[in-house]
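Trainee: I should like to go through the side-chain contacts and the burial pattern of this structure. May we take them one at a time?

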Amino acid sequence: YYDPFTGQGIFRALRGAELAADAVAAALHRGEVSAAALAGYDRARRRAFGAGERMQRLVEACVAPPRALAVVSRRLRRAPGLADALVRVTGDLEPVRSLLHPGLLRRLAW
């Protein structure tokens, strides 16, 4: 899932292209273009996007059921800072670890 509002898909496409270009350039420089030689791209991609993709799956699981969406929506209306933080993380503007800020975690108390 990529949110067209945040431009997230564009960012991930461009950043993924940079990672691929780096991996291909390194493989060509070594004269080795096997799958093993290009495995660095997969590792770099997981480092760059893995946490965000896991967060997206978590958010999707929390809002897919209508009742859960209603509960989450009410909570986020009462905690706009939390809502903003989630938007920044799911839009790739902030790393997922930014949600670990102690002040933000206090607001997660239901």
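**Side-chain contacts and burial**

Mentor: E18 is partly exposed, its relative accessible area being 43%. Please keep in mind throughout that this is a predicted model.

Trainee: With which residue does the side chain of E18 meet in a salt bridge?

Mentor: The partner of E18 is three residues away in helix α1, a separation of about one helical turn. An α-helix has 3.6 residues a turn, so residues three or four places apart point the same way. The partner is partly exposed at 30% relative accessibility. The N to O distance in this salt bridge is 3.0 Å, and the residue that E18 meets is R15.

Trainee: Which residues are joined into one network by salt bridges that share partners?

Mentor: The structure holds five salt bridges. In one of them, the side chains of E53 and R12 meet at 3.9 Å, N to O. R12 also meets D92 in a salt bridge, at 2.7 Å. Through shared partners, the network comprises R12, R45, E53 and D92.

Trainee: Is R12 buried or exposed?

Mentor: The cut-off for a buried residue is a relative accessible area under 20%. R12 has a relative accessibility of 5%, so R12 counts as buried.

Trainee: How many residues apart in sequence are the parts that the pair of R12 and D92 ties together?

Mentor: R12 lies in helix α1, whereas D92 belongs to the loop between α4 and α5. D92 follows α4 and has a positive phi, near 60°. The salt bridge therefore ties together parts whose separation in sequence is 80 residues.

Trainee: What is the geometry of the aromatic pair formed by F11 and F49?

Mentor: The count comes to one aromatic pair. F11 lies in helix α1 and F49 in helix α2, so the pair ties together parts that are 38 residues apart in sequence. F11 is partly exposed at 38% relative accessible area, while F49 is buried at 3%. The ring centres are 6.5 Å apart and the planes stand at 90°, so the geometry is edge-to-face.

Trainee: How wide an arc around the axis of α4 do its buried residues cover?

Mentor: Helix α4 spans residues 80-90, and its buried residues are L82, A83, A85, V89 and T90. These residues lie on the same side of α4, because the arc they cover around the axis is only 160°.

Methods. Residues are numbered from 1 along each chain as its sequence is written. This is a predicted model: local features need pLDDT of at least 70, side-chain atom pairs count only at pLDDT 80 or more; totals for chains, interfaces and linings use all residues. Side-chain values use heavy atoms; hydrogens and water are left out. Buried means under 20% relative accessible area, exposed over 50%, partly exposed in between (1.4 Å probe, protein chains only). Helices (H or I, at least four residues) and strands (E, at least two) are DSSP runs, numbered from the N terminus. The arc is that of the directions from the helix axis to the C-beta atoms. A salt bridge is a side-chain nitrogen of Lys or Arg within 4 Å of a carboxyl oxygen of Asp or Glu. Rings of Phe, Tyr and Trp (its six-membered ring) pair if their centres lie within 6.5 Å; planes under 30 degrees apart count as stacked, over 60 as edge-to-face and the rest as tilted.
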